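Please look over the following structure before reading on. The notes below take up one helix and then the charged side chains.

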Amino acid sequence: KRTPIYGDRALDMVFGFIHSAMKDDPTIYDGFDIAKFLGVERSMRVTTMANGDMLCMKLHEVFGDDDQFTEDMGKAMKQQILVNAREGRREEYDSAAGLAILFDQAGGHLTPAMANAINVSTDNHPRIEALIPE
């Protein structure tokens, strides 16, 4: 039975083998592109299904270019995702802050943009600050 996929993230790229094939030969896929047709930007989703190439691509997409954003770092980040999963740690890697924390855990040195993303994500709204003592 087929299950329809819908919602905000329905067009996200999830599986690495598709990306790897397209990276090796960009002409491999020349069919209809639903994201382009709908005028939305396709995003790389960071999950346990992502491979090192996808993680490297996501780093470039979110934080721009840096010499540390290599395929080897992507592979190290993939291994860290698996370590976190084995340890039962439920982490989020799709946001800028989550990706930066994963990068740091995998041995990377945070860029200023990454440090800023983490700082912004830890700032609490004044209403939340008021609720914390309660």
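**Helix α4 and the salt bridges**

Just after α4, one of the DSSP runs of H or I with at least four residues that are numbered from the N terminus, G88 takes a positive phi of about 75°. The model is predicted, so local features need pLDDT of at least 70 and side-chain atom pairs count only at pLDDT 80 or more, while totals for chains, interfaces and linings use all residues. Residues are numbered from 1 along each chain as its sequence is written, and side-chain values use heavy atoms, with hydrogens and water left out.

Helix α4
- The buried residues of α4 (under 20% relative accessible area, 1.4 Å probe, protein chains only) are M73, G74, M77, K78, Q80, I81 and N84.
- These residues cover an arc of only 160° around the axis, taken from the directions from the helix axis to the C-beta atoms, and they therefore sit on the same side of α4.
- On the face turned away from that buried side, α4 carries D72 and R86, which are exposed, meaning over 50% relative accessible area.

Salt bridges
- Counting a side-chain nitrogen of Lys or Arg within 4 Å of a carboxyl oxygen of Asp or Glu, the total comes to 4 salt bridges.
- K58 pairs with E61 at 3.8 Å between the closest N and O atoms, and both lie in helix α3, 3 residues apart.
- K58 also meets D94 in a salt bridge at 3.9 Å, N to O.
- Because D94 lies in the loop between α4 and α5 and K58 in helix α3, this pair ties together parts that are 36 residues apart in sequence.

How values were computed: Helices (H or I, at least four residues) and strands (E, at least two) are DSSP runs, numbered from the N terminus.
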